[in-house]
Amino acid sequence: ALSTSIPLGWRLHALAACAVLPPFVSAVSFSRLAAWASRAIGQPRLPPPPDTVLAAYVSQVLRRLPPPWRSTCLRRSLVLFHLLRRAGRPVSLHIGVRKQGGALQAHAWLVLAGEPYLEPDANEHRDFRVIAAFPEPARP
């Protein structure tokens with residue numbers, strides 16, 4: 001079982017993040033929500049599980065929940081952004097858009113060291129133009 005490979009403290013924090021963050025996506029400005037979620041960077045009190053294990057657990061939890069929690073790239077990325085920043089990882093959250101077949105599509109993904117991180121499809125982001133990144137890049 002995936003959950004048994006994650007320490008209880010991290011499982012509880014992941015479950016809380018999955019319960020609290022997704023509904024706020026439609027109720028709070030995203031910049032405020034991302035600012036709150038990004039504050040967690042630092043040294044974790046408990047050693048974190050491997051990032052891939054944590055990402056699989058979050059995906060598993062979100063897939064089983066009804067709306068407004070059900071998994072979307074934005075909800076998954078936001079929850080992982082919060083958890084990974086809490087684990088001390090300097091990830092950023094990117095949101096992009098593209099036009100395909102006359103329709104505007106959006107996608108959210110994590111970036112670490114300039115590369116997509118923990119994406120199910122590492123190439124999916126390539127056609128999207130980044131319209132927002134959290135935390136915001138430092139200005140020169």
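Where is Pro135 found? Pro135 lies in the segment after strand S4, and a cis peptide bond, with omega of about -10°, joins Phe134 to Pro135. This detail, like every other described here, is read from a predicted model. The report turns next to the helices, then to the strands and the loops that link them.

## Helices H1 and H4

Helix H1, residues 8–24, is built of 17 residues and reaches 25 Å from its first C-alpha to its last, which is close to the 24 Å expected at 1.5 Å a residue. The buried residues of H1 are Trp10, Arg11, Ala14, Ala17, Cys18, Leu21 and Pro22, and what covers them includes helix H2, helix H3 (51–63) and helix H4.

Helix H4, residues 73–86, has 14 residues, and the distance from its first C-alpha to its last is 20 Å, close to the 20 Å expected at 1.5 Å a residue. Eleven of the 14 residues of H4 are buried, so this helix is largely enclosed by the rest of the structure. The buried set runs from Arg75, Arg76, Ser77, Leu78, Val79 and Leu80 through Phe81, His82, Leu83, Leu84 and Arg85. Just after H4, Gly88 takes a positive phi of about 95°.

## How H2 meets H4

The axes of H2 (residues 30–38) and H4 come within 8 Å and cross at roughly 30°. Because angles under 35 degrees count as roughly parallel, H2 is described as roughly parallel to H4. On the side of H2 the contact is made by Phe30, Leu33, Ala34, Trp36, Ala37 and Ser38, while H4 contributes Leu74, Leu78, Phe81, His82 and Arg85. Sorted by character, the residues of this contact divide into eight nonpolar, two polar and one charged.

One residue of H2 can be followed in more detail, namely Ala37. Ala37 has a relative accessibility of 0% and therefore counts as buried. When its neighbours within four places in sequence are left aside, Ala37 is in contact with Leu78, Phe81, His82 and Arg85, and these four residues also appear among the buried residues of H4. Ala37 and Arg86 are 49 residues apart in sequence, yet from C-alpha to C-alpha they are 8.8 Å apart in space.

## Strands and the aromatic pair

Lys99 lies in strand S1, residues 92–100, and with a relative accessible area of 66% Lys99 is exposed. The C-alpha atoms of Lys99 and Gly88, although these residues are eleven apart along the chain, are separated by 35 Å.

How many aromatic pairs does a search of the whole structure find? The search finds one, and this pair joins Trp109 and Phe128, whose ring centres are 6.4 Å apart and whose planes stand at 50°, so the pair is tilted. Trp109 lies in strand S2 (residues 103–112) and Phe128 in the loop between strand S3 (115–117) and strand S4 (129–134), so the pair ties together parts that are 19 residues apart in sequence. Both Trp109 and Phe128 are buried.

The loop between S3 and S4 also holds His125. With residues up to four places away in sequence not counted, His125 touches His107, Trp109 and Pro116, which places Trp109 in the aromatic pair and in the surroundings of His125 as well.

## Residues in the loops

Three loop residues are set side by side below, with their places and their accessibility.

| Residue | Place | Relative accessibility | State |
|---|---|---|---|
| Ala113 | loop between S2 and S3 | 76% | exposed |
| Leu118 | loop between S3 and S4 | 16% | buried |
| His125 | loop between S3 and S4 | 12% | buried |

Two of these residues also deserve a remark on their backbone. Phi of Ala113 is near 55°, a positive value in a residue other than glycine, and Leu118, which is not a glycine either, has a positive phi of about 65°. Is Leu118 buried or exposed? At 16% relative accessibility Leu118 counts as buried, whereas Ala113, with a relative accessible area of 76%, is exposed.

Conventions:
Residues are numbered from 1 along each chain as its sequence is written. This is a predicted model: local features need pLDDT of at least 70, side-chain atom pairs count only at pLDDT 80 or more; totals for chains, interfaces and linings use all residues. Side-chain values use heavy atoms; hydrogens and water are left out. Helices (H or I, at least four residues) and strands (E, at least two) are DSSP runs, numbered from the N terminus. The expected span of a helix is 1.5 Å times one less than its number of residues. Buried means under 20% relative accessible area, exposed over 50%, partly exposed in between (1.4 Å probe, protein chains only). Axes are lines fitted to C-alpha atoms, for helices over the stretch in contact, and angles run from 0 to 180 degrees between N-to-C directions. Angles under 35 degrees count as roughly parallel, over 145 as roughly antiparallel, 65 to 115 as roughly perpendicular and the rest as oblique. Contact means heavy atoms within 4.5 Å. Ala, Val, Leu, Ile, Met, Phe, Trp, Tyr, Cys and Pro count as nonpolar, Asp, Glu, Lys and Arg as charged, and the others, Gly among them, as polar. Rings of Phe, Tyr and Trp (its six-membered ring) pair if their centres lie within 6.5 Å; planes under 30 degrees apart count as stacked, over 60 as edge-to-face and the rest as tilted.
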